[in-house]
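Work through these exercises with the sequence and the model side by side. Try each task before reading its solution.

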Amino acid sequence: MPLTITAHEILDDAIRLTWSDGRESLFHHVWLRDNCPDSRHRETWERIDDVLSFDPETRPTEAALSSNGDISITWNDGHRSCFARDWLRRHCYSEPARLEHRPMPTTWAGGPGATPPRLTHDAIMETDAGLLSFLEILRDQGCCVVSGMPDERKAGEALAQRIAYLRETNFGVDFTVVSKPNPNNNAYTALELPAHTDLANREMPPGVQFLHCLVSDAPGGESILVDGFHAALLLREENPDAFDLLTSTPFDYRFHDTEWDVRWRAPVIGLDADGALREIRYNNALRAPLNVAPDLVKPTYQALRAFVAILRDPSNELHFRLGAGEMLVFHNRRVLHGRAAFDPNGGARELHGCYVDIDEMMSRIRVLGGDNLLA
Ligand SMILES: [Fe+2]
């Protein structure tokens with residue numbers, strides 16, 4: 001049953017609508033006039049008029065429900081606007097509506113027996129519904145293991161390209177994670193890699209990481225995942241001062257070799273304009289010397305130690321062995337990944353990786369869901 005407008009009232013600076021489910025929406029006159037459908041191009045749906053093109057004190061002289069339930073407004077300068085009720089409801093900015101529109105990730109702990117969600121390669125490749133399920137898992141839970149991967153080096157990239165084009169970095173469009181001579185990155189050794197986010201040294205770290213396991217014969221090398229949002233929420237609960245410091249104090253990160261020197265400075269825990277968790281940026285291997293005001297040095301180390309202790313707590317870690325023919329996919333700006341040390345003399349270990357950014361993942365979810373066709 002579509003929602004209808006059951007009452008409307010012109011107030012001093014807004015119109016109040018009451019909906020058939022009881023919710024009330026206040027739409028300010030200036031907001032309505034700015035969003036008059038006539039202010040947009042009829043085909044591109046992009047704006048043509050800007051905020052200087054109308055009097056900000058303009059107000060309606062009349063508001064009326066039309067026979068199809070939409071609302072038409074006559075303004076005091078004679079202009080008329082007709083607003084579709086579905087559009088108004090989608091763009092309601094009341095407190096409850098704004099809360100509903102906020103992303104609600106499903107955070108998770110780890111511990112013995114906890115495993116990442118799993119899907120099959122064919123389910124994702126063969127239907128759009130399968131691709132959408134996969135992307136919704138990545139959006140909400142931040143990780144997924146894809147099984148049944150073809151034994152081909154390009155299979156992971158082909159699956160990633162179901163979403164969109166790949167994100168290139170200084171490591172290339174794709175990269176191979178093996179222990180090799182003269183490594184320029186700890187990933188290219190056989191060392192343990194504590195949980196981290198990739199490329200924390202960039203203004204925009206890659207969004208989604210794909211790691212396709214082609215060979216997994218070396219003893220050791222088990223995968224580790226930690227939900228950085230879960231860890232951040234635990235820190236906020238246990239140590240609010242440390243949480244505040246890590247959301248406000250920038251850390252310097254740097255990658256450099258003979259060809260590159262890429263640096264960025266940002267907090268470990270990133271919040272959005274509403275104060276909600278936006279990203280985790282933590283990579284100990286790339287962490288540069290701390291560069292903050294002297295009185296913040298000791299508290300910042302204490303805060304970082306408190307957060308890293310949560311990240312390292314086994315009850316927050318997923319531990320599993322990624323086998324040949326499986327691909328680990330995770331939200332690199334939320335979920336930290338790592339691996340145990342492995343013995344390169346005991347067998348081969350080879351992962352093939354690539355990235356896709358969050359914009360492209362979210363866009364694909366909206367397009368598959370038909371949201372892109374809504375005004
Ligand atoms: Fe990594």
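**Exercise 1: A three-stranded sheet**

L65 stands opposite I71 in strand 5. The model is a predicted one: local features need pLDDT of at least 70, side-chain atom pairs count only at pLDDT 80 or more, and totals for chains, interfaces and linings use all residues. Residue numbers start from 1 along each chain as its sequence is written.

Task: place this residue pair in its sheet, and find the edge strands.

Step 1. Fix the terms. Helices (H or I, at least four residues) and strands (E, at least two) are DSSP runs, numbered from the N terminus. Two strands pair if DSSP finds at least two bridges between them.

Step 2. Take the first pairing. Strand 4 and strand 5 (residues 71–75) run antiparallel and are joined by 5 bridges. A64 faces S72 of strand 5. The two strands form a hairpin with 5 residues between them. In that turn, G69 has a positive phi of about 90 degrees.

Step 3. Take the next pairing. Strand 5 and strand 6 are antiparallel over 4 bridges. T74 lies opposite R80 in strand 6. This hairpin has 4 residues between its strands, and G78 takes a positive phi near 95 degrees.

Step 4. Assemble. The result is an open sheet of 3 strands in the order 4-5-6, with antiparallel pairing. Strand 4 (60–65) and strand 6 (80–83) are at the edges; each has a single partner strand, so one side of each lacks a neighbour in the sheet. From one strand to the next, the twist averages 15 degrees.

**Exercise 2: A six-stranded sheet and its helix**

Task: give the strand order of the open sheet of 6 strands, then find what helix 5 touches.

Step 1. Read the order. It is 7-8-18-11-20-9, and the pairing is mixed. Strand 7 (118–120) and strand 9 (174–177) are the edge strands, each pairing on one side only. The twist averages 25 degrees from one strand to the next.

Step 2. Check one pair. Strand 8 (residues 143–147) and strand 18 (residues 326–331) are antiparallel, with 4 bridges. C144 stands across from V329 in strand 18.

Step 3. Add the helix. Helix 5 (residues 128–140) packs on the sheet and touches strand 7, strand 8, strand 11 (208–216) and strand 18. Contact needs C-beta atoms, placed from the backbone, within 7 Å. The direction of helix 5 makes about 145 degrees with that of strand 8.

**Exercise 3: Two packed helices**

Task: describe how helix 7 meets helix 8, and which residues of helix 8 are buried.

Step 1. Get the geometry. Two packed helices are described by the angle between their axes and the distance between the axes. The axes of helix 7 (residues 228–238) and helix 8 (residues 240–248) come within 5 Å and cross at roughly 130 degrees. That crossing makes helix 7 oblique to helix 8. Axes are lines fitted to C-alpha atoms, for helices over the stretch in contact, and angles run from 0 to 180 degrees between N-to-C directions. Under 35 degrees is roughly parallel, over 145 roughly antiparallel, 65 to 115 roughly perpendicular, and the rest oblique.

Step 2. List the contact. Helix 7 supplies A232, L235 and R236; helix 8 supplies P240, A242 and F243.

Step 3. Sort by side. In helix 8, the buried residues are A242, F243, L245 and L246. They cover an arc of only 165 degrees around the axis, so they sit on the same side of helix 8. The arc is that of the directions from the helix axis to the C-beta atoms. Exposed P240, D241 and S248 are on the face turned away from the buried side. Buried means 20 or more other C-beta atoms within 10 Å of the residue's own, exposed 12 or fewer, and partly exposed in between, with C-beta atoms placed from the backbone.

Step 4. Name the partners. The buried residues of helix 8 pack against helix 7, strand 15 (269–271) and helix 9 (297–312).

**Exercise 4: A loop residue**

Task: is P103 buried or exposed?

Step 1. Locate P103. The residue is in the loop between helix 3 (95–101) and strand 7.

Step 2. Count. P103 has 12 C-beta neighbours inside 10 Å, so P103 counts as exposed.

Step 3. Look across the chain. P103 and R278 are 175 residues apart in sequence, yet 9.5 Å apart in space, C-alpha to C-alpha.

Terms used. Contact = placed C-beta atoms within 7 Å.
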